Amino acid sequence: MTKVSWSRLMFFTMLIFVLTLAACGNDDTSDEGSTDDSDTATEDSVDEGADESTDTSAESEPKVTEFEPAFPEQTRAPEVETKAELDVEVVVEGLGVSWGMEEFDTNRLLVTQRDSAELLIINLEDGSVSDPIEGTPEVNDEGQGGLLDVTIAPDFDESRLVFMTFAQDIEGGTVTAVGKGVLSEDEASLEDFEVIFQAEPAYDGALHYGGRIIFDDDSNLFLTTGERSDDPIRERAQDLDAYLGKVIHITQDGEAVDTNPFIEDEDALDGIYSYGHRNIQGVDFHPETGDLWIVEFGPQAGDELNIIEPGSNYGWPIVSYGIEYSGELINDGISEHEAQGFVEPVYYWDPTSAPSGMSFYDNDAIPEWENNLFIGGLAPNYIVRVVIENDLVVGEERLLTEEGERFRDILVTEDGALIAITDGGLIYKIAAAG
Ligand SMILES: [Ca+2]
């Protein structure tokens with residue numbers, strides 16, 4: 001186990017990172033960036049507190065687009081800094097690409113391994129890693145596919161039900177699929193695993209599966225999908241007869257929830273909750289308002305933080321605060337969402353933050369973090385802390401900027417520790433010092 005002092009982290013936070021992002025037309029790795037790109041860091045030493053820069057936003061890099069925000073708080077929020085002293089610890093290393101996790105028992109996590117399709121149990125107290133749990137589904141592991149998210153049923157203590165998302169081969173290509181199984185008492189296997197939902201249509205591609213799942217208060221599931229990236233399939237994000245580029249609301253049996261917004265619309269799929277999304281990689285409920293918040297990848301820049309309203313259209317690929325990887329404008333470069341009849345993002349990033357899994361801090365262990373949102377960053381390698389007031393972003397901080405890790409998912413434990421898993425197979429624990 002390695003311990004890193006917070007003062008050292010804050011020092012390195014001041015360093016300027018120069019990122020080399022692949023901007024090629026062949027987006028085999030797309031906006032997730034390459035897993036083996038060697039980011040070059042220039043270590044300009046800046047004394048803490050001696051920064052006389054007039055740019056007070058957390059983002060120090062220039063914008064890559066010409067777009068202006070629809071309202072002042074929509075991008076480049078003022079930089080904030082955590083005052084509490086923190087301990088940062090690598091609890092586990094040596095795993096594969098770790099994509100999703102859930103605390104199913106105090107300080108014990110279920111963690112998915114994307115490429116090997118393994119489900120593991122991690123003990124945060126002693127750093128132990130279980131053997132792979134038997135009975136997990138067969139996946140398509142190409143590109144961004146594989147075993148993706150994991151969550152447990154709200155009545156897990158009785159039902160032992162575990163839900164997972166994954167890329168599945170079906171006729172015509174691959175889909176984002178949801179399945180469930182019963183964790184055996186000895187925790188060695190998932191029994192009676194069955195697929196409950198497939199986000200059709202299938203498409204022969206390896207990108208943009210979305211794949212986050214979360215339970216609501218009624219014990220139904222929200223599932224996020226992607227629009228499969230390529231032009232023209234991505235246009236299906238706008239279509240109500242396709243589950244691509246959507247937030248989907250289903251029961252534990254994969255049926256549409258009967259209060260869904262398009263249930264009366266014969267031309268629309270009943271499971272759709274919202275649409276016009278690109279690739280939703282993070283989802284959580286705001287602890288105070290109860291609203292469902294998501295983050296979705298933009299193309300080049302234009303990653304969005306959105307509050308989900310049932311039946312609403314979030315605009316992709318008609319409007320965006322980003323541009324194509326080629327540098328071309330998207331749909332003649334219209335960014336304003338509301339003016340075009342779409343929901344404005346609460347916040348967007350330019351340049352990209354490559355936002356992945358996210359979690360609100362719904363704990364009082366670190367009081368200044370209460371109700372803040374923490375988002376894993378994949379391409380610039382950091383964790384984003386977002387301070388929100390009245391549904392507006394009023395502050396942003398970047399944590400663990402010097403680690404060089406791609407932070408794939410974030411959770412907050414019952415004890416109030418922030419856990420982050422990475423593509424490099426590390427599990428970080430960030431907690432109040434002492
Ligand atoms: Ca949008």
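Start by selecting strand β16, residues 280-285: 5 of its 6 residues are buried, so the rest of the structure largely encloses this strand. Buried here means that 20 or more other C-beta atoms lie within 10 Å of the residue's own; exposed means 12 or fewer, partly exposed is in between, and C-beta atoms are placed from the backbone. Strands (E, at least two residues) and helices (H or I, at least four) are DSSP runs numbered from the N terminus.

Before moving on, note that this is a predicted model, in which local features need pLDDT of at least 70, side-chain atom pairs count only at pLDDT 80 or more, and totals for chains, interfaces and linings use all residues. Residues are numbered from 1 along each chain as its sequence is written.

**Next door to β16**

Add strand β17, residues 292-296, which pairs with β16 in the antiparallel sense over 5 bridges. Two strands count as paired if DSSP finds at least two bridges between them. Put labels on valine 283 and, in β17, isoleucine 294: they stand opposite each other. The two strands make a hairpin with 6 residues between them, and glycine 290 in the turn has a positive phi of about 75°.

**A four-stranded sheet**

Now select β20 to β23. These 4 strands form an open, antiparallel sheet in the order β20-β21-β22-β23. The edge strands, each pairing on one side only, are β20 (355-360) and β23 (392-399). From one strand to the next the twist averages 25°; axes are lines fitted to C-alpha atoms, for helices over the stretch in contact, and angles run from 0 to 180 degrees between N-to-C directions. Zoom in on β20 and β21 (residues 373-377), which run antiparallel and are joined by 4 bridges. Phenylalanine 360 has leucine 373 in β21 as its bridge partner.

From β23, follow the chain into the loop that leads to β24 (407-412), where you will find glutamate 402. Is glutamate 402 buried, exposed or partly exposed? Glutamate 402 is partly exposed, with 19 other C-beta atoms within 10 Å. Try a distance label to tyrosine 382: the two C-alpha atoms are 7.8 Å apart, with these positions 20 residues apart along the chain.

**Into the core**

Which residues touch the most other members of the largest nonpolar core? Select Ile383 and Ile410, which do so in a core of 102 residues. Such a core is a set of buried Ala, Val, Leu, Ile, Met, Phe, Trp, Tyr and Cys residues joined through C-beta atoms within 7 Å. Strand β9 (residues 161-170) gives this core its largest share, 5 residues. Leaving aside neighbours within four places in sequence, the contacts of isoleucine 410 include Met358, Phe374, Ile383 and Leu418; a contact means C-beta atoms, placed from the backbone, within 7 Å.

**A second sheet**

Jump to β12-β13-β14-β15, which is the order of 4 strands in another open sheet with antiparallel pairing. Its edges are β12 (213-215) and β15 (272-275), and the twist averages 20° from one strand to the next. Strand β14 (residues 246-250) pairs with β15 over 3 bridges, and valine 247 stands opposite serine 274.

**Last stop: colour by confidence**

Colour the chain by pLDDT, the predictor's confidence in each residue from 0 to 100. The average is 91, and 88% of the residues score at least 70. Residues 1-29 stay under 50, and residues 34-54 are below 50 too.

Note on methods
Contact = placed C-beta atoms within 7 Å.
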